[in-house]
Amino acid sequence: MGSIGVLLLSQVAPYLEQELNKRYNLFRLWDYPKKSHFLTQHGASIRAVVGRSTSGADSELIDALPNLEIISSSGVGVDKIDLIKCKEKGIRVTNTPDVLTDEVADLTIGLILALLRRICECDRYVRSGNWKRGDYKLTSKFSGKTVGIIGLGRIGTAIAKRAEEETHHIINREVISALGPKGFLINIGRGKHVDEPELISALLEGRLGGAGLDVFENEPHVPEELLGLENVVLLPHIGSATVETRTVMADLVLGNLEAHFLGKPLLTPFI
C-alpha cells in the first residue's frame with residue numbers, strides 16, 4: 001500500500017505520523033505553504049485524508065481531491081468534515097469513539113476539583129510565599145453537588161447527527177443564569193456548545209461561579225477576558241491526551257485505512 005497517497009491535515013501523535021509514513025505515500029499539508037499549488041500538483045493522487053477533531057475536510061478540499069475515498073479522523077468529533085459532501089460522493093468517514101471515554105471522564109473530574117477547590121490558585125499561593133502570611137481562603141466541596149450533564153453517550157451523538165447545528169450555543173444565557181453565582185460550568189465537549197461572549201459576561205458580572213474549559217469556539221485562540229480570571233481553569237484541549245489513549249486512537253485510524261484499502265469492513269465507520 002506504499003503507493004497510496006494519504007494527506008495528513010495537521011500534526012498528530014508521532015506514532016501515528018510515523019506509521020502512516022511507513023505504510024503510505026504520506027503528504028503533510030503543513031509542508032506546502034501554497035495549498036492551492038499542492039492540490040493542483042498532487043490532489044489526484046490523494047485517496048485518503050487523516051485529520052483530527054480540530055482539522056477536517058471541508059467542501060472545497062473534498063472537491064480538490066477527485067480520487068478521495070476515505071477520511072479517517074483521530075478523534076470523536078467530525079465537526080470539521082463536510083459530511084453532506086462525503087455522502088454525495090460516497091466517501092467513507094471514520095472516527096475513534098469509545099477509546100477516549102475514560103480519559104475524558106477522568107479529566108472532567110479533575111477540572112471540577114481544580115475549579116471548586118481552587119487547586120491552581122492554591123499552587124500559585126504556595127509558590128508566591130503568601131501562605132507564610134496566612135491560610136488560603138475557604139473553597140467549595142464537590143461531593144453532594146448536583147451535576148448536570150448534556151449529551152450522554154450514543155443517544156446524544158445520534159441526536160446531534162440528525163440536527164448538528166441545534167447544539168450550537170446550547171449553553172446560552174438562560175442555562176448560565178440557571179446555574180447562577182454558585183454554579184460552575186465544565187466544557188470538555190465542543191467549544192461551539194457554549195456561547196462564549198455570554199459566558200465571559202456572566203463570569204465578569206458574578207452571575208456564574210466559575211468555569212473549567214478544555215475546549216473553545218476558535219481553538220487555539222482563547223478569549224483574552226478569560227485569561228485574567230481566577231475562577232476559571234483553562235486547558236489546551238487535552239481530554240484524550242495521554243500516551244495510552246492516543247496510541248489506541250492511532251491504531252484505530254491505521255486499522256480503518258487498512259480495512260478500507262483491503263476491501264474489509266471498517267472498524268469504526270461514521271458514514
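These questions and answers take up burial, salt bridges and empty space in a predicted model.

Reader: Why is Ile-176 called buried or exposed?
Author: Ile-176 has 0% relative accessibility. Buried means under 20%, so Ile-176 counts as buried. Ile-176 is found in helix α8, residues 173-179.

Reader: What is the distance in space between Ile-176 and Leu-199?
Author: Their C-alpha atoms are 7.3 Å apart. In sequence, Ile-176 and Leu-199 are 23 residues apart.

Reader: Why is Leu-113 called partly exposed?
Author: Its relative accessibility is 34%. Buried is under 20% and exposed is over 50%, so a value in between is partly exposed. Leu-113 sits in helix α5, residues 101-116.

Reader: What makes Leu-113 part of a nonpolar patch?
Author: A patch residue needs over 30% relative accessible area. Leu-113 has 34%. Ile-109, Leu-113 and Ile-119 form the patch, with about 230 Å² of accessible area together.

Reader: How do you know that Glu-230 and Arg-124 meet in a salt bridge?
Author: The N to O distance is 2.5 Å. The cut-off is within 4 Å, so the pair counts. Glu-230 lies in the loop between α10 (224-227) and β8 (232-234), and Arg-124 in helix α6 (residues 119-127), so the salt bridge ties together parts that are 106 residues apart in sequence.

Reader: Why are both of these residues classed as they are, buried or exposed?
Author: Glu-230 has 40% relative accessibility and counts as partly exposed. Arg-124, with 43%, is partly exposed too.

Reader: Which residues does Glu-198 pair with?
Author: Arg-173 is one partner, with the closest N and O atoms 3.2 Å apart. This pair links helix α8 to helix α9 (residues 196-205), 25 residues apart. Arg-207 is also a partner, at 2.9 Å. Each distance is within the 4 Å limit.

Reader: Why is Glu-198 called buried?
Author: Its relative accessibility is 11%, and buried means under 20%. Arg-207 is buried as well. Arg-173, at 46%, is partly exposed.

Reader: How many salt bridges does the structure hold?
Author: There are 16. Glu-19, Lys-22, Arg-23 and Glu-258 are linked in a network of them.

Reader: What makes the largest cavity a cavity rather than a pocket?
Author: In a cavity, a 1.4 Å probe fits but cannot get out, whereas a pocket is open. The largest cavity has a volume of about 30 Å³. Its lining includes Val-194, Leu-199 and Phe-216.

Reader: What lines the second largest pocket?
Author: The lining has 15 residues. Ser-53, Thr-54, Lys-80, Phe-216 and Glu-217 lie nearest the centre. The lining divides into 3 nonpolar, 6 polar and 6 charged residues.

Conventions
Residues are numbered from 1 along each chain as its sequence is written. This is a predicted model: local features need pLDDT of at least 70, side-chain atom pairs count only at pLDDT 80 or more; totals for chains, interfaces and linings use all residues. Side-chain values use heavy atoms; hydrogens and water are left out. On a 1 Å grid over the protein atoms alone, a cavity is a set of points where a 1.4 Å probe fits but cannot get out, and a pocket is an open set with protein on both sides within 12 Å along at least five of seven lines; lining residues have an atom within 4 Å of a point. Ala, Val, Leu, Ile, Met, Phe, Trp, Tyr, Cys and Pro count as nonpolar, Asp, Glu, Lys and Arg as charged, and the others, Gly among them, as polar. Grid points are joined across faces, edges and corners, and a volume is the space filled by probe spheres set on the points. Patches are made of residues with over 30% relative accessible area and no salt bridge: like charges are joined within 9 Å, nonpolar side chains (Val, Leu, Ile, Met, Phe, Trp, Tyr) within 5 Å. Accessible areas come from the Shrake-Rupley method with a 1.4 Å probe; for residues, only the protein chains shown count as cover. A salt bridge is a side-chain nitrogen of Lys or Arg within 4 Å of a carboxyl oxygen of Asp or Glu. Helices (H or I, at least four residues) and strands (E, at least two) are DSSP runs, numbered from the N terminus. Buried means under 20% relative accessible area, exposed over 50%, partly exposed in between (1.4 Å probe, protein chains only).
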